[in-house]
Each structure stands twice: as C-alpha cells, then as structure tokens.
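Q: Please take a close look at the salt bridges in this structure and at the surroundings in which they occur. I would also like to see how other lysines and a few buried side chains fit into the picture.

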Amino acid sequence: MINNLSSFGKFLDQPMLIAKLNKSMPKILFSLGGLYLAKNSYDLFEKTKKSSDEEKSRAKKEILKKIIILTSTISSAILAPKFASILTKRTLLENIEQVKEKNTKLINAFLNTTPQNTKNKYILNKAKTKVLSFNEIKLLFSSLNSLKEKVFLKKLIPDPENIKAKDIFQEIGYLSIYGAIPVIGGILGGIGADIYNKENLKEKIPDKINEGLYQYLANIFMCNIGAGSALAVLEKLNITSKTARGIGMTTGIVLTGVLGGSKIANFITKNLISPLINPKIKKEEIKNRKPELLDLGLHIDDIATVSLLSGLKWIEPSLPILYTISGYKAGMGYRN
C-alpha cells in the first residue's frame with residue numbers, strides 16, 4: 001500500500017500538473033504582484049492621507065516606482081527560462097499538449113494489453129488530458145501492483161532521480177542565467193523608475209547594483225556551487241541515501257550560498273562597486289548586507305531543482321516567483 005506522503009509526492013509530480021502550473025505562472029505572478037501593489041498602495045495612501053501635498057507626491061512616486069520595478073522584474077522572470085534554455089541548449093519543460101500526447105499514447109498502449117476494472121479505467125482515461133486528484137493517485141498506485149503495472153506507473157509519473165554531482169554542475173549554467181535575468185530586470189526597472197521620478201541616480205544606483213549582486217551571489221549562484229560540491233563529496237563517500245544527500249546539499253547551500261555568497265558580495269560592494277560609482281565614499285560608510293529569513297527561504301529553488309526529495313519537481317515552474325523576489329529587492333535597492 002502506498003502511504004499518504006508518497007501519494008502526495010506523486011500527486012505533485014504529475015507531468016500534467018507541472019505543465020499546467022508552468023502555463024499559469026505568468027497569470028499567477030502578475031496576480032500576486034497586483035495584490036502586493038494594491039495592499040502596499042492602500043497602506044501608503046492611508047498613512048499619508050492627512051500629510052502634506054509634498055509627502056503625498058512622494059507616496060505616489062513610490063507606488064509608481066514599485067509598479068515599474070515589479071512589471072520589469074516579473075516580465076524578465078517569465079522570459080528567463082526561454083532565454084536561459086536557448087543559451088545553454090537545455091530542453092524546456094513539456095507543455096500541456098506534449099504531455100497530453102505522451103500520456104494518451106502511454107495509457108492507450110497499457111489499456112490495450114492490461115485489462116482494468118471500471119474505476120481504474122476511468123482514472124487512467126482522465127489522466128490522458130487532466131490532473132488526477134490526490135485520492136485518484138492513491139487508488140491507482142495501491143491497486144496496480146504487478147511488475148508490468150508498476151513499470152507503467154513509473155513512466156506515467158516518473159520517480160525522482162538521485163541526481164549526480166556532475167549533473168548538478170551541468171545545470172549551473174542554466175540556473176545562473178535563469179536567475180540573473182530577473183535580477184538584471186529588477187535593477188533596470190529600478191533605474192528607469194528613478195529616472196522617471198528624477199531621483200539622484202548617483203545615490204540610488206549603487207544600492208541597486210549592490211543588492212542585485214548580493215541577491216545573485218548569495219541566493220542564486222553560489223548556492224548552486226555549494227549543492228554540487230556537497231553532492232560530489234557524498235558521492236566519493238558512496239552515500240546514496242536521499243535523506244543524507246538532501247541534508248548534505250542543504251548544508252552546502254547554506255555554507256556556500258548564504259554565508260560565502262554574502263561575504264563575497266559584501267567584499268565586492270565595498271572594494272569595487274561603491275567606490276567605482278562614488279569615489280568619495282569611505283569603506284566604513286558602506287554597510288554590510290546581512291542574510292535574513294527571507295533569503296534563507298529563497299534557497300528552496302536549489303533543493304527543488306535537483307529533485308532529491310519526492311514531490312518537489314513542481315517547484316521548477318515556480319522558480320520565477322522566487323527569482324522575482326530577488327529581482328524586486330534589487331530594483332528597490334534594499335540593503336537591510
């Protein structure tokens with residue numbers, strides 16, 4: 001019998017669910033962005049309701065700035081996987097029509113050679129074009145127990161693989177480009193908003209570049225290096241346990257990404273970016289960017305990407321949400 005946790009993992013790993021989530025991501029992103037802006041605008045206008053005209057004007061500029069940055073970042077995050085795939089020659093996620101065609105051929109071939117009861121037949125025919133419910137997944141995996149049936153189910157909803165370290169490093173190029181595009185989009189959106197609002201660019205641009213550098217190194221690039229390095233060590237030790245590999249990879253992400261990436265980003269900020277843009281600034285005047293809880297949360301994309309744990313494949317089409325957060329913070333020039 002398949003347990004509830006395994007059933008839930010299989011439910012999330014359905015290729016049809018992943019394809020539909022991927023297709024819906026632009027709508028989801030812009031909807032979340034719209035809700036955030038609506039709440040933010042309401043709070044800001046309520047706060048300045050009895051303020052001076054000058055403060056109200058600043059509030060309007062702040063909202064406009066956020067609209068420009070979010071639009072730029074979200075648009076970049078949506079286009080990022082396509083550009084990253086072209087540059088690295090990596091295959092994109094299957095679309096809905098491809099999954100429908102694949103599922104239909106697989107299920108028809110199975111039903112023609114392996115008779116099923118009415119309930120199973122109904123569920124399998126539904127799986128050709130639709131997402132199965134949690135209960136349908138559980139029933140299907142509990143009732144199909146022969147070797148032939150188990151092989152079929154693994155083709156219908158593939159098991160997570162024990163990705164090797166070399167495969168992780170092959171993905172670094174793709175993920176690095178993927179993550180860089182929304183950050184760059186956020187920075188450009190922020191600069192564009194500042195130009196429109198006639199802000200002092202000499203004061204504003206360094207924070208955007210420095211925050212973008214921090215987001216990219218600490219939350220995106222260096223954590224990929226940490227995950228791959230940890231898995232390389234575990235492979236040499238012949239450790240194949242998914243739990244051990246998951247813990248090892250997470251440790252690598254935290255040590256290399258959160259801690260190492262933040263130190264590298266702060267070093268570059270103090271010694272290169274800020275002095276280059278503003279030669280008069282002193283190193284002691286430049287504040288270090290410290291890791292926060294949200295920064296730690298962003299590292300779920302690294303765990304999900306390598307598919308070490310069951311049920312996390314669905315996070316790949318959700319990566320634009322995580323990268324949008326990094327891009328938005330870069331565009332705003334957030335520095336703690």
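The answer below begins with the salt bridges and then turns to the remaining lysines and to some buried residues.

A: The model is a predicted one, and each statement here should be read as a description of that prediction. As a general background, side chains of opposite charge can pair when their charged atoms come close. With a cut-off of 4 Å between a side-chain nitrogen of Lys or Arg and a carboxyl oxygen of Asp or Glu, the count in this model is 9 salt bridges. Three of these pairs are described in turn.

The pair K39 and D43 is joined by a salt bridge with an N to O distance of 2.5 Å. Both residues belong to helix α2, which covers residues 15-47. They are 4 residues apart there, about one turn of the helix. The relative accessible area of K39 is 52%, so this lysine is classed as exposed, the threshold being over 50%. D43 has a relative accessibility of 34% and therefore counts as partly exposed.

A second pair within one helix is formed by K105 and E101, whose closest N and O atoms are 3.5 Å apart. Their helix is α4, residues 96-113, where a spacing of 4 residues means that about one helical turn separates them. K105 counts as exposed at 55% relative accessibility, whereas E101, at 48%, counts as partly exposed.

The third pair has another setting. K65 and D194 form a salt bridge in which the closest N and O atoms are 3.9 Å apart. This pair links distant parts of the chain, with K65 in helix α3 and D194 in helix α8 (residues 165-196), 129 residues apart. Are the two partners buried or exposed? K65 has a relative accessibility of 8% and is therefore buried, the limit being under 20%. D194 has a relative accessibility of 1%, so it is buried as well. K208 joins K65 and D194 in a network of salt bridges.

Other lysines appear in a patch of positive charge on the surface, formed by K20, K23, K27 and K130. What separates such a patch from the pairs above is the rule for membership: a residue must have over 30% relative accessible area and no salt bridge. One of the members, K130, has a relative accessibility of 48%, so it counts as partly exposed. K130 sits in the loop that runs between α5 (118-127) and α6 (134-143).

Two further lysines are notable for their backbone angles. In general, most residues other than glycine have a negative phi. K89 is not a glycine, yet its phi is positive, at about 55°. This residue is placed in the loop between α3 and α4, and its relative accessibility of 78% is why it counts as exposed. K198 likewise has a positive phi, near 55°. The loop between α8 and α9 (201-236) holds K198, which is exposed, with a relative accessible area of 76%.

Which polar contacts do the side chains of T73 and Q14 make? T73 is part of helix α3, residues 53-88, and counts as buried because its relative accessibility is 0%. Its side chain reaches the backbone oxygen of I69 at 2.7 Å. Q14 lies in the loop between α1 (4-12) and α2 and is buried, with 4% relative accessible area. A polar atom of the Q14 side chain is 3.0 Å from the backbone oxygen of F11. The Q14 side chain also reaches the backbone nitrogen of L132, at a distance of 2.8 Å.

M25 completes the set of buried residues treated here. It is found in helix α2, the helix that also holds K39 and D43. With a relative accessibility of 3%, M25 counts as buried. Its C-alpha atom is separated by 7.2 Å from that of P317, a residue 292 positions away along the chain.

To draw the charged pairs together, K39 with D43 and K105 with E101 each span about one turn of a single helix. The bridge between K65 and D194, in contrast, links helix α3 with helix α8.

Key:
Residues are numbered from 1 along each chain as its sequence is written. This is a predicted model: local features need pLDDT of at least 70, side-chain atom pairs count only at pLDDT 80 or more; totals for chains, interfaces and linings use all residues. Side-chain values use heavy atoms; hydrogens and water are left out. Patches are made of residues with over 30% relative accessible area and no salt bridge: like charges are joined within 9 Å, nonpolar side chains (Val, Leu, Ile, Met, Phe, Trp, Tyr) within 5 Å. Accessible areas come from the Shrake-Rupley method with a 1.4 Å probe; for residues, only the protein chains shown count as cover. Lys and Arg count as positive and Asp and Glu as negative; His and the chain ends are not counted. The place of a charge is taken as NZ of Lys, CZ of Arg, CG of Asp or CD of Glu. Helices (H or I, at least four residues) and strands (E, at least two) are DSSP runs, numbered from the N terminus. Buried means under 20% relative accessible area, exposed over 50%, partly exposed in between (1.4 Å probe, protein chains only). A polar contact is a pair of N or O atoms within 3.5 Å; within protein, one must be able to donate a hydrogen and the other to accept it, and residues adjacent in sequence count only if both atoms are side-chain atoms.
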